[in-house]
Amino acid sequence: MADLPAAVPRRVSLDDCVTFGHARDLDAAGRAQLADALRGLKPWRKGPFRLFGVQIDAEWRSDLKWARIAPHVDLDGAHVLDVGCGNGYYGWRMLEAGAASVTGIDPSLLFVLQHAAVAYYADDPRNLVLPLTLEDVEPGRTFDTVFSMGVVYHRRDPAAHIRALARHAHRDTVVVLESLVVDGSPIECPDRYARMPNVHLIPDVATLAGWLGAAGFATVRLVDRSVTTSAEQRSTPWMTYQSLADALDPADPTRTVEGYPAPERAVMIASR
């Protein structure tokens with residue numbers, strides 16, 4: 001962080017590739033210094049970003065997921081809570097969609113620092129990322145929209161996670177829940193799923209809807225269901241570890257290396 005060069009962006013774009021500055025806003029030495037500093041914060045999981053011509057090609061093409069979600073939520077003037085926000089990529093996209101503020105929480109200090117590196121050039125305090133879990137945030141402030149994307153299956157008690165989301169939802173709050181899903185019945189993963197060690201249970205859509213209903217949400221809609229492909233999740237120079245291609249059975253890419261169904265994700269939108 002101390003190695004980030006000072007610069008003022010003359011261009012800001014919060015579209016698919018979140019961009020601050022032109023390449024010409026920094027000289028070659030400054031861009032090299034910036035690239036080295038940003039590489040010091042690897043691995044970058046969510047993106048893409050472009051800072052003064054330095055392209056951060058993250059593991060996830062998060063713009064593709066956002067394109068599936070954005071048509072179904074109205075964020076105009078909304079105050080948003082983004083649980084498990086990672087490095088804040090989606091927060092910038094939420095501002096582009098009209099959100100008044102985004103409070104992102106994620107316990108990973110690396111992701112918090114990645115956001116801080118981007119925000120160093122943004123001069124925009126509306127997208128905040130704090131090193132907290134949902135349990136650290138006391139209910140009280142009311143949010144208009146609450147996002148939980150890619151979190152619920154990492155929780156040992158996923159229904160409790162959804163009840164915790166509900167404690168931050170007033171009568172008109174919309175909750176956007178995105179999760180891995182399977183057909184049929186939920187599957188428990190006692191060891192690993194797609195090489196991930198911290199996946200405890202993958203629900204089916206009906207189970208997700210049931211958890212939301214039990215937490216007090218009267219209206220629950222499935223707005224998207226998509227198979228994850230290597231066009232969306234892959235290893236890159238900014239995330240050089242194993243990714244989706246390494247997690248699938250080479251003889252049958254419809255299964256993971258552990259024999260489970262390959263990753264498929266659903267987006268549910270719920271309200272009281």
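How many of the eight residues of helix α3 are buried? The answer is seven, so to speak of α3 as mostly covered is fair, with buried taken as under 20% relative accessible area. The close-ups below come from a predicted model, and several of them return to this helix.

**View 1. Helix α3 and its buried residues.** Helix α3 spans residues 89-96. Its buried members are Tyr 89, Tyr 90, Gly 91, Trp 92, Arg 93, Met 94 and Leu 95. Look just past the helix and you will find Gly 98, which follows α3 and has a positive phi near 110 degrees.

**View 2. Helix α2 packs against helix α3.** Here α2, made of residues 62-69, meets α3 at an angle of about 40 degrees, and the two axes lie 11 Å apart. That angle falls outside the ranges for roughly parallel, antiparallel or perpendicular pairs, so the two helices are oblique to each other. The crossing of α2 past α3 is right-handed. On the α2 side the contact is formed by Ser 62, Asp 63, Lys 65 and Trp 66, while α3 brings Tyr 89, Tyr 90, Arg 93 and Met 94. By type, the residues of this contact comprise four nonpolar, one polar and three charged.

**View 3. The open sheet of seven strands.** Follow the strands in the order β9-β8-β7-β10-β11-β17-β14, and you will meet mixed pairing along the way. Strands β9 (127-130) and β14 (219-227) are at the edges; each has a single partner strand, so one side of each lacks a neighbour in the sheet. From one strand to the next, the twist averages 15 degrees.

**View 4. The β9 edge, with α3 lying across the sheet.** Strand β8, residues 101-105, pairs with β9 in the parallel sense through four bridges. One pair to pick out is Ile 105 with its bridge partner in β9, Leu 130. Helix α3 lies across β7 (79-83), β8, β9 and β10 (143-149), and its direction is at about 165 degrees to that of β8.

**View 5. Strand β17 between two antiparallel partners.** Seven of the eight residues of β17 are buried, so the rest of the structure largely encloses this strand. Strand β11 runs antiparallel to β17, and seven bridges join them; Glu 178 stands opposite Val 267 of β17. Strand β14 also runs antiparallel to β17, joined by eight bridges, and here Thr 219 stands opposite Ser 271 of β17.

**View 6. Helix α6 on the seven-stranded sheet.** Helix α6 (residues 205-214) packs on this sheet and touches β11 (169-180), β14 and β17 (264-271). The direction of α6 makes about 25 degrees with that of β17.

**View 7. The open sheet of four strands.** This sheet has the order β1-β2-β4-β5, again with mixed pairing. Its edge strands, β1 (12-13) and β5 (54-56), each pair on one side only. Strand β4, residues 49-51, pairs with β5 in the antiparallel sense over three bridges, and Arg 50 has Gln 55 in β5 as its bridge partner. Helix α1 (residues 28-39) packs on the sheet by touching β4 and β5, with its direction at about 20 degrees to that of β5.

**View 8. Helix α3 meets the four-stranded sheet.** Our familiar helix α3 also lies across β2 (18-20) and β4. Relative to β2, α3 runs at about 85 degrees.

Note on methods
Residues numbered from 1 in each chain as written. Predicted model: local features only at pLDDT ≥ 70, side-chain atom pairs only at ≥ 80, totals over all residues. Heavy atoms only, no water. Pairing = 2+ DSSP bridges. Axes fitted to C-alpha atoms, helices over the stretch in contact; angles between N-to-C directions. Contact = heavy atoms within 4.5 Å. Buried < 20%, exposed > 50% of the residue type's maximum accessible area, 1.4 Å probe, protein only. Parallel < 35°, antiparallel > 145°, perpendicular 65-115°, else oblique. Left-handed = near helix turned anticlockwise from the far one by under 90°. Nonpolar A, V, L, I, M, F, W, Y, C, P; charged D, E, K, R; others polar.
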